[in-house]
Amino acid sequence: MVDLTRRALLGAIGLGIVGTVVSWPRLTGADIPGRGTDTLTVALFGTAQDAVARQALVDGFQRKHPGIEVRIVAIQGQDWSEYFAKILTMIAAGTPPDVVTVATEGAQLFASRLAHPLDEYVRRDASEMQEYFDDVNPTLIEAFMYQGSLFQMPDNFNAANVFYSTQAMERAGLERPADNWTLEEFLGTARAMKKSAPGQFLPYFWNNRLWGGVVPWLYVNNTSFLREEKSGGGDWFWDRFYPDQPARSGGYVWKQADALNEHAVESFSVLERMVSEGLAANPAQGGGNELVSLFSTGAVGMTPAGGFWVRGLEEAGVANDAYDVTYFPRMSGQRHQFGAGGYAIMETSPRKDEAWEWLKYCVSVEGMKIAHPKPDSSLPRRSLNAELYGAGVGPAHWEVFYDTLDKFPDTGPMPAPPQQAAVESALLKNVVSTITNGPSGVRRGLETMQRDLEIALGGR
């Protein structure tokens with residue numbers, strides 16, 4: 001039964017059984033510390049150093065729960081798909097963790113196949129949990145609802161905002177843009193930056209990835225590459241914890257490809273125009289290490305990033321007054337994109353009660369402060385961000401990180417259905433060809449993307 005589950009899940013995330021075995025050696029019981037004991041095993045996506053860094057969190061938890069032993073297991077991988085596959089391998093080996101860290105990319109995969117809903121615990125401890133939910137924008141919570149149940153409580157998030165070089169802005173004779181600036185004002189800013197810059201300079205640098213790639217430009221145009229719907233349910237939660245807020249849903253649903261809608265065509269056409277005019281980079285694939293270097297040396301004027309980048313820039317020696325942050329410009333709307341993360345309880349865990357105590361501690365004020373002593377991510381608790389980014393640590397307008405949720409309440413998570421890995425691949429492999437073959441190539445590229453997305457979603 002476990003093997004069948006593993007096969008089904010590997011198929012769901014777009015990975016083959018043979019490829020998994022070849023790429024990653026099969027884990028055995030000896031590989032998983034704590035097997036055969038009463039230890040609560042917490043798996044995280046990261047390195048051994050990341051696990052060591054969580055020791056202070058474990059120590060704090062055990063001061064409150066001395067009877068619960070905790071072991072952190074770091075799982076390395078190139079991306080979330082590899083992390084998920086390794087979790088599945090642990091399940092197949094009979095050594096599943098009790099708790100796993102899961103980001104937006106994998107939230108619905110885990111909710112649909114691997115995670116245990118938190119509903120019973122949230123209801124039971126409602127009085128205790130009210131303080132947490134009072135401090136968290138409901139948009140973040142809705143991202144972890146699935147078919148009417150809550151599966152995670154976010155302990156970090158990052159909205160995609162526009163970081164800009166204050167030197168490039170001043171050199172162009174420009175002031176900070178208005179919060180509601182338009183696309184044409186953004187393009188005017190980029191042109192002015194380019195005209196006033198010496199040597200090699202890119203007004204806008206971006207990476208080809210799900211977070212901070214094309215999606216922000218789709219969202220500000222009130223569209224996406226997948227059709228977004230909402231499921232029913234969840235009233236049990238919203239009526240109890242957010243009674244005065246507008247009605248929300250039982251979770252996001254992405255079942256249909258939608259790359260050819262007119263707003264999507266328009267957004268991709270904007271990117272084609274920016275690249276062809278030399279205002280934007282031909283997007284790089286992957287992470288942002290190169291970007292930190294380019295931004296820190298003044299070779300880039302603007303780029304999409306989130307609160308996590310404050311620490312990256314600090315470590316690169318960039319003074320906090322050398323850059324600032326603002327919102328993405330308006331097109332037909334000004335909706336923003338975010339990604340979030342938190343812990344999920346595995347359905348297979350025999351220690352669900354202990355796991356719930358771990359989740360509660362990690363979203364407590366004490367737990368969140370211990371986990372994030374430096375500005376490596378925006379915090380779901382609104383009240384903690386001033387301490388993290390204020391007092392000369394972050395940029396002058398660091399409030400943008402959380403205000404993105406408050407000022408633009410339609411802001412939402414990146415599209416991530418249970419087939420997220422295959423969907424992301426279908427998107428990313430078509431982006432460059434869609435925006436680098438002239439204006440007439442945009443629709444042709446999106447036709448190919450639409451086909452690939454339909455395949456990724458199982459033909460639905």
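Analyst: A residue counts as buried when its relative accessible area is under 20%. The model discussed here is predicted, and Arg381 is a case to try the cut-off on: its relative accessibility is 1%, so Arg381 is buried.

User: Where is the place of Arg381 in the chain?

Analyst: Arg381 sits in a loop, the one that runs between helix H18 (365–371) and helix H19 (385–389).

User: Which side chain makes a polar contact with the side chain of Arg381?

Analyst: That of Glu131, at 2.7 Å. Glu131 also appears among the residues in contact with Arg381 once neighbours within four places in sequence are left aside. The others are Tyr132, Asp135, Val136, Val363, Ser364, Val365, Met368 and Tyr402.

User: Do other loops offer something to read? What is the phi of Gln147?

Analyst: Phi of Gln147 is near 50°, a positive value, and Gln147 is not a glycine. Gln147 belongs to the loop between strand S4 (145–146) and strand S5 (149–150). With 59% relative accessibility, Gln147 counts as exposed. Asn222 can be read in the same manner. Its phi is near 55°, again positive in a residue other than glycine. Asn222 lies in the loop that links helix H12 (215–219) to strand S10 (226–230). Its relative accessible area is 45%, and Asn222 is therefore partly exposed.

User: How do I read a helix, and how many Å should helix H14 span?

Analyst: The general idea comes in two parts. An α-helix has 3.6 residues a turn, so residues three or four places apart point the same way. The length follows from a rise of 1.5 Å a residue: the 15 residues of H14 (residues 262–276) should span 21 Å, and the C-alpha atoms at its ends are 21 Å apart, which agrees.

User: Which residues of H14 are buried?

Analyst: The buried ones are Ala264, Val265, Ser267, Phe268, Val270, Leu271, Glu272, Met274 and Val275. The elements that cover them include helix H11 (183–196), strand S8 (202–204), H12, helix H21 (420–435) and helix H22 (441–456).

User: Which residue caps the N-terminal end of H14?

Analyst: Asn261 does, with a side-chain oxygen 3.0 Å from the backbone nitrogen of His263. Past the other end, just after H14, Gly278 has a positive phi of about 80°.

User: Which residues are buried in helix H4?

Analyst: In H4 (residues 55–64) they are Leu57, Val58, Gly60, Phe61 and Gln62. Their cover includes strand S2 (70–75), strand S15 (337–345), helix H17 (352–362) and H18.

User: Now the strands. What is the order of strands in the open sheet?

Analyst: The general idea is that strands of a sheet pair through backbone hydrogen bonds, either parallel or antiparallel. Here an open sheet of four strands runs in the order S8-S13-S7-S14, and its pairing is mixed. S8 and strand S14 (323–326) stand at the edges with a single partner strand each, so one side of each has no neighbour in the sheet. On average, neighbouring strands are turned by 25° against each other, direction ignored.

User: In which sense do S7 and S13 pair, parallel or antiparallel?

Analyst: Strand S7 (residues 161–165) pairs with S13 in the antiparallel sense, over four bridges. Asn161 stands opposite Ala305, and Phe163 has Thr303 as its bridge partner. S8, in contrast, pairs with S13 in the parallel sense, over two bridges. There, Leu202 is partnered by Val300.

User: Why is S13 called largely enclosed?

Analyst: Six of the six residues of S13 (residues 300–305) are buried, so the rest of the structure largely encloses this strand. Helix H11 lies across S7, S8 and S13, and runs at about 140° to S13.

User: How many helices and strands does the whole protein chain have?

Analyst: The chain comes to 22 helices and 16 strands. Its radius of gyration is 22 Å, close to the 23 Å that the globule rule gives for 460 residues, so the chain is as compact as a globular protein of that length. The C-alpha atoms fill a box of roughly 65 × 50 × 45 Å along the principal axes.

User: What share of the 460 residues do buried residues make up?

Analyst: Buried residues make up 58% of them. As for contacts, take those between residues at least 6 apart in sequence: 80% of these join residues at least 24 apart.

How values were computed
Residues are numbered from 1 along each chain as its sequence is written. This is a predicted model: local features need pLDDT of at least 70, side-chain atom pairs count only at pLDDT 80 or more; totals for chains, interfaces and linings use all residues. Side-chain values use heavy atoms; hydrogens and water are left out. The expected span of a helix is 1.5 Å times one less than its number of residues. Buried means under 20% relative accessible area, exposed over 50%, partly exposed in between (1.4 Å probe, protein chains only). Contact means heavy atoms within 4.5 Å. A polar contact is a pair of N or O atoms within 3.5 Å; within protein, one must be able to donate a hydrogen and the other to accept it, and residues adjacent in sequence count only if both atoms are side-chain atoms. Two strands pair if DSSP finds at least two bridges between them. Axes are lines fitted to C-alpha atoms, for helices over the stretch in contact, and angles run from 0 to 180 degrees between N-to-C directions. The radius of gyration is taken over C-alpha atoms; the globule rule is 2.2 Å times the number of residues to the power 0.38.
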